[in-house]
Amino acid sequence: MMGAEPINRIPLSKFLAYAAPAFALAVVGIPVYVYIPKFYTDVIGVNITVMGIFISAVRIFDAITDPLLGFFSDRTRTRYGRRRPYIFTGSIFLAVSILMLFNPPAASPVFETYWFAFWIFLLFLFWTVVAVPYESLGPEITFDYNERSKLFGYRDGALIVGTLVAASSPALISWLLGLSGDAAGERSKFFWISAIYAPLIILFCGWCVLKIHERSQTRRENLVSFIDGFRLVAYNRAFLILLISYTISALGSNLPATLILFYVQYVLLSPHADLFLLIYFVTGVLFLPAWIRLSAHLGKKATWILSMGVNTGAFIGVFFIGPGDAGIYAGLVCLSGIGLGATLAIPSAMQADVIDYDQLRSGQRREGHYVGLWSISKKLAAALGVGVALYALGASGYRPNVPQPPEVVLTLRVLYALAPSLCNIVALLIALAYPLDQKTHEKIKRAIAVRLAGNSVEDPLRPGQMIVPQP
């Protein structure tokens, strides 16, 4: 449990150990969501409609398992801690699931369909078993306001780099091994991706588990129930503001993520979508340390709002460009990418701070409960982003691999540039109401120490209201 004791600075080795799994887990991103479905439909022969049903079902499945896993990991008591047994054990089963999903046996389309369904569900189940406790571990590594920004900067920086590497891995492996584009070449490509990432996930999760030691656990008795936990979350105004603002911003960011290939091909008439993605991610990683340093001076709220403003201000200009403007687009992508890292890392650090406030209210560390809800938000934003983007594109008259009519081009401009910018503006305005700064966070830590000593204390976010410790 957290008190008001001085916090030692985190050594670089712990920053790296905590960040490492994020790099490897990025394979459960673009490769699984984008490349694997196309592999199973075009090479293996699974029906695309059935594929879509299974992927949608997996997202619904995640919405159930994420908060449940967070709740159970909060209540787990072992000699190795609450989170680490899940992270390491889950990484082994996740690695097996990746190997199986990426290497289906040669069989009938019906068998292959059941194979995909079985292993995609297991993959996301064990991804949840790893990811929710892993993300829940972060807020309790340090309770220092600024050290948290650095910690999540390392983790989300590793995630950005991992996403870039994972997205590039199919093309890179095909090039290095000289693989053909036929079925045998595709199977070989995904074999090598799984052969690299499966052991890497176990290795990096093992490194994190060995290097990061959990703090002392709360008592088993008087634990908050699942339903009461939601009531306490609803009372946590700072978390609700943060969650709503982040979700709206994430919904906006998922629109261009879904549509970039369409926008570059049919609006810019350029074949260089991969180059633009590279510019965006590399810029985001390069500027992330500067945002972390800035947050120590401006505070997390102001830094996050500023990063959303930078991202939005640059991206609005994308609406006004067209064929032949690839150079201008590259510049705008670079400017927009400046804010990328901060829009990921700073909200994670803010989430850790509002979890401290929950400890003051509940008397317990409930990172898993909050991370589970946060995870649902991210996945629903991604699902809505994909659904809205593709539905609107189809409704406007899109047809693949042909020049698009003006209605489709306008739809792409609006969904790719204006809608995300509007989402960011709304998220930015909501974030202005976020009430927790560094001084308030210090008051919360002192109040926790008073409550742990068995005394009543005034709520730092609700002046005049007293928090009475449970007997």
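1. Let's start with the salt bridges: the count for this predicted model comes to 19. One of them joins the side chains of E186 and K189, with an N to O distance of 3.1 Å. Both residues sit in helix α7, which spans residues 183–211. Why are E186 and K189 about one helical turn apart? Because they are three residues apart in that helix.

2. A word on confidence before you look at the helix packing. The chain has a mean pLDDT of 88, and 95% of its residues reach 70 or more. Where does confidence fall lowest in the chain? That is helix α8, residues 226–235, with a mean of 73. Helix α4, residues 84–102, has the highest confidence, at 96. As a friendly reminder, predicted coordinates should not be read in detail where pLDDT is low.

3. That brings us to α4 and its contact with α5. The axes of these two helices come within 8 Å and cross at roughly 155°. An angle over 145 degrees counts as roughly antiparallel, so α4 and α5 are roughly antiparallel to each other. Their crossing is left-handed. The residues of this contact divide into 20 nonpolar and three polar, with no charged residue among them.

4. Helix α5 (residues 109–137) also packs against helix α14 (residues 367–395), and here the axes come within 9 Å and cross at roughly 120°. That angle makes α5 oblique to α14. The crossing of α5 and α14 is right-handed. On the α5 side the contact is made by W127, T128, V132, E135 and S136, while α14 brings E367, G368, V371, G372, K378 and K379. How many nonpolar, polar and charged residues does the contact of α5 with α14 hold? There are three nonpolar, four polar and four charged.

5. The next pair to look at is α10 (residues 273–298) with α13 (residues 340–362). Their axes come within 6 Å and cross at roughly 50°, and α10 and α13 are therefore oblique to each other. The crossing of this pair is right-handed. From α10, the residues Y280, F281, G284, L288, W291, I292 and S295 take part, and they meet L340, G341, A342, A345 and I346 of α13. The contact of α10 with α13 divides into nine nonpolar and three polar residues, with no charged ones.

6. It may help to view the three contacts side by side. Charged residues number four where α5 meets α14, but there are none where α4 meets α5 and none where α10 meets α13. As for handedness, α4 and α5 cross in the left-handed sense, whereas the crossing of α5 with α14 is right-handed, and so is that of α10 with α13.

Definitions and conventions. Residues numbered from 1 in each chain as written. Predicted model: local features only at pLDDT ≥ 70, side-chain atom pairs only at ≥ 80, totals over all residues. Heavy atoms only, no water. Axes fitted to C-alpha atoms, helices over the stretch in contact; angles between N-to-C directions. Helix = DSSP H or I, 4+ residues; strand = E, 2+ residues; numbered from the N terminus. Parallel < 35°, antiparallel > 145°, perpendicular 65-115°, else oblique. Left-handed = near helix turned anticlockwise from the far one by under 90°. Contact = heavy atoms within 4.5 Å. Nonpolar A, V, L, I, M, F, W, Y, C, P; charged D, E, K, R; others polar. pLDDT = per-residue confidence, 0-100. Salt bridge = Lys/Arg side-chain N within 4 Å of Asp/Glu carboxyl O.
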